[in-house]
Amino acid sequence: MAKSLRSKWRRKCRAVKRVRYGEKELARLKKTLGIDENASNDADMSDIQEIATVTDAKAIKGSKDKENEVENVEEEKMDDGTARVYNKKTLRDQYGNYPVWMNRRKILKHKKGRAKSQKATTKKDKHLTRKDKKKEPTET
């Protein structure tokens with residue numbers, strides 16, 4: 001399928017571009033690093049500073065530790081003893097509210113299912129079964 005004249009021509013053009021852009025990229029990289037034979041030994045680092053900042057591993061680890069300490073302090077400040085405790089069965093907290101991540105459709109579906117289960121447990125059948133009829137006289 002990729003043997004048409006058009007695709008061959010495009011492949012040829014892309015190969016030429018790859019060579020041309022590769023040379024330019026290599027020259028720019030050498031100039032940036034200061035390895036270029038034609039350029040002076042002093043590299044212009046202003047372009048690199050715009051692109052990236054160089055840091056060592058110790059500085060990064062130290063900054064992460066500081067951030068963790070700051071987060072822990074903030075969490076301690078935020079914790080005022082009113083943490084929400086959610087019931088696993090009803091999915092509601094101590095104030096009767098659903099969690100913020102739960103969407104309205106899921107809440108409504110859960111309420112509907114909960115109402116059915118409560119109705120099933122509390123509602124007594126109008127008609128007694130044979131088993132219930134036998135138990136009734138012995139209980140009274």
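1. Let's start at the surface. Lys3, Arg6, Lys8, Arg10, Arg11, Arg14, Lys17, Arg18, Arg20 and Lys24 come together there as a patch of positive charge. Keep in mind that this is a predicted model. One member of the patch, Lys8, sits in helix 1, which covers residues 5-33. Lys8 has a relative accessible area of 43%, so it falls in the partly exposed class.

2. Now the overall fold. The chain has five helices and zero strands, and reading along the sequence gives α-α-α-α-α. Of the 140 residues in the chain, 4% are buried. Take the contacts between residues at least 6 apart in sequence: 2% of them join residues at least 24 apart. The chain exposes about 14,100 Å², with carbon and sulfur atoms supplying 54% of that area.

3. How many salt bridges does the structure hold? Just one, and it pairs Asp93 with Arg84. Their closest N and O atoms are 2.7 Å apart. As background, side chains of opposite charge can pair when their charged atoms come close. The two partners are worth looking at one by one: Asp93 has 6% relative accessibility, so it counts as buried, while Arg84, at 46%, counts as partly exposed.

4. Have a look at the backbone of Leu91 too. Its phi is near 60°, a positive value in a residue other than glycine. For context, most residues other than glycine have a negative phi. Where is Leu91 placed? Leu91 belongs to the loop between helix 3 (57-78) and helix 4 (104-122). With a relative accessibility of 26%, Leu91 counts as partly exposed.

5. Last stop, Ile107, which is in helix 4. Is Ile107 buried or exposed? Its relative accessible area is 4%, and the cut-off for buried is under 20%, so Ile107 is buried. Leaving aside residues up to four places away in sequence, Ile107 touches Tyr98 and Met102. There is also a C-alpha separation to note: Ile107 and Arg92 are 15 residues apart along the chain, and their C-alpha atoms are separated by 10.0 Å.

6. To recap the spots I'd open in the viewer: the positive patch that includes Lys8 and Arg14, the Asp93 and Arg84 salt bridge, the positive phi at Leu91, and Ile107 with its contacts to Tyr98 and Met102.

Definitions and conventions:
Residues numbered from 1 in each chain as written. Predicted model: local features only at pLDDT ≥ 70, side-chain atom pairs only at ≥ 80, totals over all residues. Heavy atoms only, no water. Patch = residues over 30% accessible without salt bridge, like charges linked within 9 Å, V, L, I, M, F, W, Y side chains within 5 Å. Areas by Shrake-Rupley, 256 points an atom, 1.4 Å probe, with all protein chains shown as cover. Salt bridge = Lys/Arg side-chain N within 4 Å of Asp/Glu carboxyl O. Lys, Arg positive; Asp, Glu negative; His and termini not counted. Charge placed at Lys NZ, Arg CZ, Asp CG, Glu CD. Helix = DSSP H or I, 4+ residues; strand = E, 2+ residues; numbered from the N terminus. Buried < 20%, exposed > 50% of the residue type's maximum accessible area, 1.4 Å probe, protein only. Contact = heavy atoms within 4.5 Å.
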